[in-house]
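Biologist: Before I rely on any label attached to this protein, I would like to hear the reasoning behind it. Could we look at it together and go through the terms one by one?

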Amino acid sequence: MSVRHALLALLSEGPKYGLQLRQEFEARTGEVWPLNVGQVYSTMQRLERDGLVESDQDEAAEAGPQKAYRITPAGGAELASWLRTPPAADAPPRDELLIKVLVALRLPGVDLPAILQAHRRSTIERMQQYTRLKEHALDDLSLLLVADAQLYRLESVVRWLDSAQARLRHHSYGPPDRAGGPLPASPPAAAPSEAPGSAGAVR
């Protein structure tokens with residue numbers, strides 16, 4: 001996510017100190033994206049340099065706990081533009097899992113079906129963690145939205161892994177020592193209560 005724009009959004013509510021920005025950032029994102037205070041100050045320095053925020057202290061002063069920031073008109077325009085602009089889509093996607101699979105596809109002696117299964121199991125476990133997180137979120141809307149977003153994203157990863165397994169079968173893929181052999185059986189899919197799109201999944 002864009003930390004600089006998230007900080008601009010917080011400043012659109014009024015002037016804030018660096019430590020306050022870090023605390024509110026983590027609270028607004030369900031405390032699942034920890035932010036280092038040093039990252040906050042370095043980001044604020046760049047925003048100030050670009051004329052998107054300004055501070056009460058002299059521009060030459062170092063960022064610190066006593067330095068309050070406020071958004072500028074240019075920063076407000078930048079924030080409004082970012083909120084309405086769809087995220088950039090890489091072509092092809094620069095996804096680490098996809099890159100791993102593409103690399104493994106060409107390596108001799110690599111059991112790609114087993115690799116896919118390992119990632120599938122790990123993804124299912126993460127889905128279960130976010131499902132449990134929702135159960136304890138109660139009425140915390142920020143945390144519920146974060147959990148839902150992660151569950152939908154992870155569900156799409158599982159579906160892609162299943163599709164990749166099917167394509168390997170279609171192309172009769174197999175390592176040299178087991179070419180044409182049966183692929184490992186897929187682990188059971190997540191229970192309906194764990195699937196984001198299932199009835200009763202959104203609490």
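**Reasons behind the labels**

Modeller: By class, the residues that line the largest pocket are six nonpolar, four polar and three charged. Please keep in mind throughout that this is a predicted model.

Biologist: Which residues lie nearest the centre of the largest pocket, and how much space lies in it?

Modeller: The space comes to about 360 Å³, and among the 13 lining residues, Asp95, Leu97, Leu98, Arg153 and Val157 are the ones nearest the centre. The elements that each give two or more residues to this lining are α5 (96–105), α6 (112–137) and α7 (141–170), and α7 gives the most, with five residues.

Biologist: What makes Asp95 and Arg153 count as charged, and Val157 as nonpolar?

Modeller: The class follows from the residue type: Asp and Arg belong to the charged group and Val to the nonpolar group, so the labels for Asp95, Arg153 and Val157 rest on identity alone.

Biologist: Let us turn to the fold. What pattern does the protein chain follow along the sequence?

Modeller: The protein chain has seven helices and three strands, and read along the sequence they follow the pattern α-β-α-α-β-β-α-α-α-α. The three strands form an open sheet in the order β1-β3-β2, with antiparallel pairing.

Biologist: Why are β1 and β2 said to stand at the edges?

Modeller: β1 (16–17) and β2 (53–55) each have a single partner strand, so one side of each is left without a neighbour in the sheet.

Biologist: How do you know that β1 and β2 are each paired with β3?

Modeller: Pairing requires at least two bridges between the strands. Two bridges join β1 to β3 (residues 68–71), and three join β2 to β3, so both pairs satisfy the requirement. Among the bridges to β3, Tyr17 is partnered with Ala68, Lys16 with Tyr69, and Glu54 with Arg70.

Biologist: Which helices lie against this sheet?

Modeller: Helix α1 (residues 3–11) lies across β1, β2 and β3, and runs at about 90° to β3. Helix α3 (residues 37–49) also packs on the sheet, where it touches β2 and β3, and its direction makes about 105° with that of β2.

Biologist: Why is Ala68 called buried?

Modeller: The relative accessible area of Ala68 is 10%, and buried means under 20%, so the label applies. Ala68 has its place in strand β3, and, leaving out residues up to four places away in sequence, Ala68 touches Lys16, Tyr17, Glu54, Ser55 and Asp56. Ala68 and Gly18 are 50 residues apart in sequence, while their C-alpha atoms are 7.0 Å apart in space.

Biologist: Is Leu138 buried or exposed, and what puts it in that class?

Modeller: Leu138 has a relative accessible area of 67%, and the cut-off for exposed is over 50%, so Leu138 counts as exposed. Leu138 is found in the loop between α6 and α7, and its phi is near 55°, a positive value in a residue other than glycine.

Biologist: What share of the protein chain counts as buried, and what share of contacts joins residues at least 24 apart?

Modeller: Of the 203 residues of the protein chain, 34% count as buried. Among contacts between residues at least 6 apart in sequence, 58% join residues at least 24 apart.

Technical notes:
Residues numbered from 1 in each chain as written. Predicted model: local features only at pLDDT ≥ 70, side-chain atom pairs only at ≥ 80, totals over all residues. Heavy atoms only, no water. Helix = DSSP H or I, 4+ residues; strand = E, 2+ residues; numbered from the N terminus. Contact = heavy atoms within 4.5 Å. Axes fitted to C-alpha atoms, helices over the stretch in contact; angles between N-to-C directions. 1 Å grid on protein atoms, 1.4 Å probe; cavity = no way out; pocket = protein on both sides within 12 Å on 5 of 7 lines; lining within 4 Å. Points joined across faces, edges and corners; volume = space filled by probe spheres on them. Buried < 20%, exposed > 50% of the residue type's maximum accessible area, 1.4 Å probe, protein only.
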